Amino acid sequence: MQRIVGWNDMYRQMIHLLVLVGIILFDSESAIAACKSVPSLDGASMGLLWVIPFVGILLSIAIIPLIAREFWHQHLGKISAFWAITLFVPFSIIFGIDLAIYEMLNVALLEYVPFIIMLLSLFIVAGGVRLTGTLHGTPAINTLILFLGTVIASWMSTTGASMLLIRPILKANKHRQHKVHIIIFFIFLVGNIGGSLTPLGDPPLFLGFLKGISFFWPIKHIIIPMAIVSFVLLFVFYFTDRYWWNKEDAGVLHQLTKDKHSFGLEGKVNILLLCSIIGAVLMSGLWKTGISIEIYHVYYYLENIVRDVLLLIFAFISWRLTSSESRQANGFTWFPIVEVAKLFAGIFLTIIPVIAILQAGTEGALREVILAVSSETGKPINLAYFWLTGLLSSFLDNAPTYLVFFNTAGGEVDYLVGSLSTTLLAISAGAVFMGANTYIGNAPNFMIKSISEEQGILMPSFFGYMVWSGFILLPLFMVVGFVFFID
């Protein structure tokens, strides 16, 4: 039997007082009913108007930096809060303050807080690893770094690999004038596609692992499409980088190659701490205590509490043991993680109704999306699963999107790894590969962009990046879909 450690009566009284205030202000019958049981959001009852705040924050990320860059950097937290409030206020009025508080706490405790803690720990720990010596940003060296990042991403997560290698590749190319393409391909390969082979690589695969999918299922089934996509991208990158290398001034090339120093590694303890972070994340998926703290109907499980505390401890150890001089030489500042924390707070809140509508299946306002993945006879259309999972993962959180289509395909593990293994492959590949389509498709993307911009690289806008991904990735994904998912 599950053991629950409840909060004290005073806290409960405070929450019920808030509910009563909501009843007085909004006269919400749903709030009264919600007090009697665990709140539940029915996505089938929600129209497409509830998607507006989410679309609004996406358009803000896409447009405002183009027309008012300084304003954006100074007020992005306020803009994110604006769209969150735009959702929260009408949601509280219509569905009741009780349900609004529950949904906010649910996404905060179970998704946003663990997400930020993991990013923060990886950001601090990986930021303490500094490669000394001269690494020349030649096309061959850059391609080698991308290859290395692609290989290790499945074993230390796309976020971990990205945070470990982004600064070395920026340092290697600091004298080059043409380097935007390097960061874009870094996002494609290290930040996304490299995480295809194990549940440690990307959150959707980890969710599949928690559902009962074998740890080695991805490496057995996704390795061929992943290898094809990766090697094509590395090939394209090499010749793209070689083209821009030849466009560099002779003085820049001389600056890149004149200094020769032996290599060294500062902050070696952070390598051990990176491994510890991955171990803590894996532990939280394997260790099931059945013990949780209930916070207003939301169950925060002991294994997740232990994981988050350990991640913070590892970050603290890294901060204390890594010299400030080494971090400064590494270009470490807090702005990238602060920017991501502010923006994703709004994204995680405004995405609530979108995921609820999708989870309503054919009863929801996005029923056509769900119907598109099955034929009239009920047979799954694997190509549709690949593209719809992928395109939605490009703009929504790819983990819940994976779960939506995982359950749409039946949700039975034995069935999915058996006769429907191609369908599961389509869902998995779509969720992981197409997280590279936009800056918000996967957690590392925006972090990589922010770190690069802080180093003085003028990265493309939201839509500008999509031009790159649309031109390079979408044709490649079309080939993958045709080869692997045409029935």
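1. Let me start with Ile351, which sits in the loop between helix 16 and helix 17. Ile351 has 6% relative accessibility and so counts as buried (buried means under 20% relative accessible area, exposed over 50%, partly exposed in between, with a 1.4 Å probe and protein chains only). Its C-alpha atom is separated by 9.8 Å from that of Phe395, 44 residues apart along the chain. Helices here are DSSP runs of H or I with at least four residues, strands are runs of E with at least two, and both are numbered from the N terminus.

2. A word on the basis of these points. This is a predicted model, in which local features need pLDDT of at least 70 and side-chain atom pairs count only at pLDDT 80 or more, while totals for chains, interfaces and linings use all residues. Residues are numbered from 1 along each chain as its sequence is written, and side-chain values use heavy atoms, with hydrogens and water left out.

3. Now the overall picture. The protein chain has 24 helices and 5 strands, and 54% of its 487 residues are buried. Taking contacts (heavy atoms within 4.5 Å) between residues at least 6 apart in sequence, 79% join residues at least 24 apart.

4. Helix 16 (residues 335–350) offers a good example of a link across the sequence, through Phe348. Phe348 is buried, at 7% relative accessible area. Between Phe348 and Val107 there are 6.9 Å from C-alpha to C-alpha, although the two are 241 residues apart in sequence.

5. Please have a look at the largest nonpolar core, which holds 141 residues. Such a core is a set of buried Ala, Val, Leu, Ile, Met, Phe, Trp, Tyr and Cys residues joined through side-chain atoms within 4.5 Å. The members that touch the most others are Phe91, Phe115, Leu146, Phe188, Leu233, Phe386 and Phe433. Helix 5 (residues 97–126) gives the most to this core, with 18 residues. Phe433, leaving aside neighbours within four places in sequence, is in contact with Ile193, Ser196, Ile222, Pro225, Met226, Val229 and Phe477.

6. Helix 3 (residues 52–67) is worth a closer view. Its 16 residues reach 21 Å from first C-alpha to last, close to the 22 Å expected (1.5 Å times one less than the number of residues). A kink of about 30° is centred on Ser60, where the bend is the angle between axes fitted to the seven residues ending at a residue and the seven starting there. Ser60 is also among the buried residues of helix 3, which include Phe54, Ile57, Leu58, Ile61 and Ile64. The cover over these buried residues includes helix 4 (69–95), helix 16, helix 17 (352–359), helix 19 (382–395), helix 23 (443–454) and helix 24 (462–485).

7. Helix 7 (residues 158–172) is kinked as well, by about 30° at Leu165, shortly before Pro168. It has 15 residues and reaches 21 Å, close to the 21 Å expected. Of these residues, 14 are buried, so helix 7 is largely enclosed by the rest of the structure. In the loop between helix 6 (139–156) and helix 7 lies Ser157, which has a positive phi of about 80° although it is not a glycine. Ser157 counts as buried, at 8% relative accessibility.

8. Most residues other than glycine have a negative phi, and Tyr296 is another to check, with a positive value near 55°. Tyr296 lies in the turn of the hairpin formed by strand 4 and strand 5, which have 2 residues between them. At 9% relative accessibility, Tyr296 counts as buried. The two strands (291–295 and 298–301) pair in the antiparallel sense over 4 bridges; pairing requires at least two DSSP bridges. Glu294 stands opposite Tyr299 in strand 5. With 4 of its 5 residues buried, strand 4 is largely enclosed by the rest of the structure.

9. Finally, helix 14 (residues 302–321) has two contrasting sides. Its buried residues are Glu303, Asn304, Arg307, Asp308, Leu311, Phe314, Ala315 and Ser318. They cover an arc of only 135° around the axis, which puts them on the same side of helix 14 (the arc is that of the directions from the helix axis to the C-beta atoms). On the other side, Phe316, Arg320 and Leu321 are exposed. The buried residues pack against helix 5, helix 13 (269–286), strand 4, strand 5 and helix 15 (324–329).
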